[in-house]
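Colleague: Could you take a close look at the aromatic rings in this model and explain, step by step, how they are arranged? Please write for someone in the first year of study.

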Amino acid sequence: MRTGRVQIERVIAMMIIFTFNVLFWMFFEQAGSSFNFLAQNIVDRQMFGGWEFPVGWFQSVNPVAIVLLAPLVAMTWGFLDKRNVEPSIPRKFGLGLLGNALGFAVLMYALTHLVDANNQIPLWPLALCYVLQTVGELCLSPIGLSMVTKLAPARAVGLAMGGWFLSTAIGNNLSGIFAGHVSGESGMTVASALSGFTFSFYLLLGAGVVLFLIAPLINRLMHGIK
């Protein structure tokens with residue numbers, strides 16, 4: 001009976017984290033949608049006396065940042081683990097959400113304070129946004145599948161994996177809907193971008209804070225899974 005209760009509570013913990021996973025990917029995937037419109041319409045991409053930085057090249061920032069930062073993140077977790085202060089799974093997810101939020105905070109600042117006479121912002125805020133979101137991704141994404149295999153009942157691991165990918169897919173679908181809202185019917189403007197990205201920042205920040213606050217409860221539901 002106790003074993004059954006433990007499994008049920010672990011599944012509940014997993015479902016709570018799935019919900020936050022939807023939110024993460026909903027806004028992380030703006031990288032391939034609304035951020036491209038931002039780069040095309042609002043970012044000043046002129047460099048080196050007339051050469052224009054291609055919009056598609058922004059998509060290279062994430063993989064390059066992963067290659068450079070993944071070893072640092074892994075070493076950080078190892079360093080903290082040796083001192084018994086490594087964040088729990090829920091708090092790593094919370095850090096992922098906060099990293100995502102920081103990316104939008106940079107864009108909010110740029111769209112509020114760095115808009116020039118041509119209604120454009122510099123290139124660096126968007127590049128920095130991609131890097132900060134990548135840090136968030138490195139906190140959250142690598143532990144997702146591992147978490148599922150640990151929390152799911154042995155006979156339902158395949159189903160739980162499907163749930164994980166479904167939560168990611170839902171986030172991606174919502175991302176497209178949200179990108180359409182940010183881009184506007186007549187094309188992205190500074191005002192529509194600022195409005196959409198401000199909403200993104202506060203929702204991600206709130207979700208990250210909530211996840212940190214309820215992390216002890218989720219950890220109890222996980223019954224020792226780390």
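Modeller: A residue is called buried when its relative accessible area is under 20%, exposed when that area is over 50%, and partly exposed in between. Please keep in mind that this is a predicted model. With that cut-off, phenylalanine 104 counts as buried, because its relative accessibility is 0%, and phenylalanine 197, also at 0%, counts as buried too.

The structure holds 20 aromatic pairs. In one of them, the rings of tryptophan 51 and phenylalanine 53 have centres 6.1 Å apart and planes at 80°, and because planes over 60 degrees apart count as edge-to-face, this pair is edge-to-face. Its two members sit in unlike surroundings, since tryptophan 51 is partly exposed at a relative accessible area of 35%, whereas phenylalanine 53, at 15%, is buried.

Returning to phenylalanine 104 and phenylalanine 197, we find their ring centres 5.6 Å apart and their planes at 50°, so this pair is tilted. Phenylalanine 104 belongs to helix α4 (residues 89-113) and phenylalanine 197 to helix α7 (residues 190-222), so the pair ties together parts that lie 93 residues apart in sequence.

These four residues are also members of one aromatic cluster, which includes Trp51, Phe53, Phe104 and Phe197, and among its further members are Phe27, Trp57, Tyr130 and Phe178. A ring can also have a charge for a neighbour: the charged end of lysine 92 sits over the ring of tryptophan 77, at 4.6 Å from the ring's centre.

Conventions:
Residues numbered from 1 in each chain as written. Predicted model: local features only at pLDDT ≥ 70, side-chain atom pairs only at ≥ 80, totals over all residues. Heavy atoms only, no water. Phe/Tyr/Trp six-rings, centres within 6.5 Å; stacked < 30°, edge-to-face > 60°. Buried < 20%, exposed > 50% of the residue type's maximum accessible area, 1.4 Å probe, protein only. Helix = DSSP H or I, 4+ residues; strand = E, 2+ residues; numbered from the N terminus. Lys NZ or Arg CZ within 6 Å of the ring centre and 35° of its normal.
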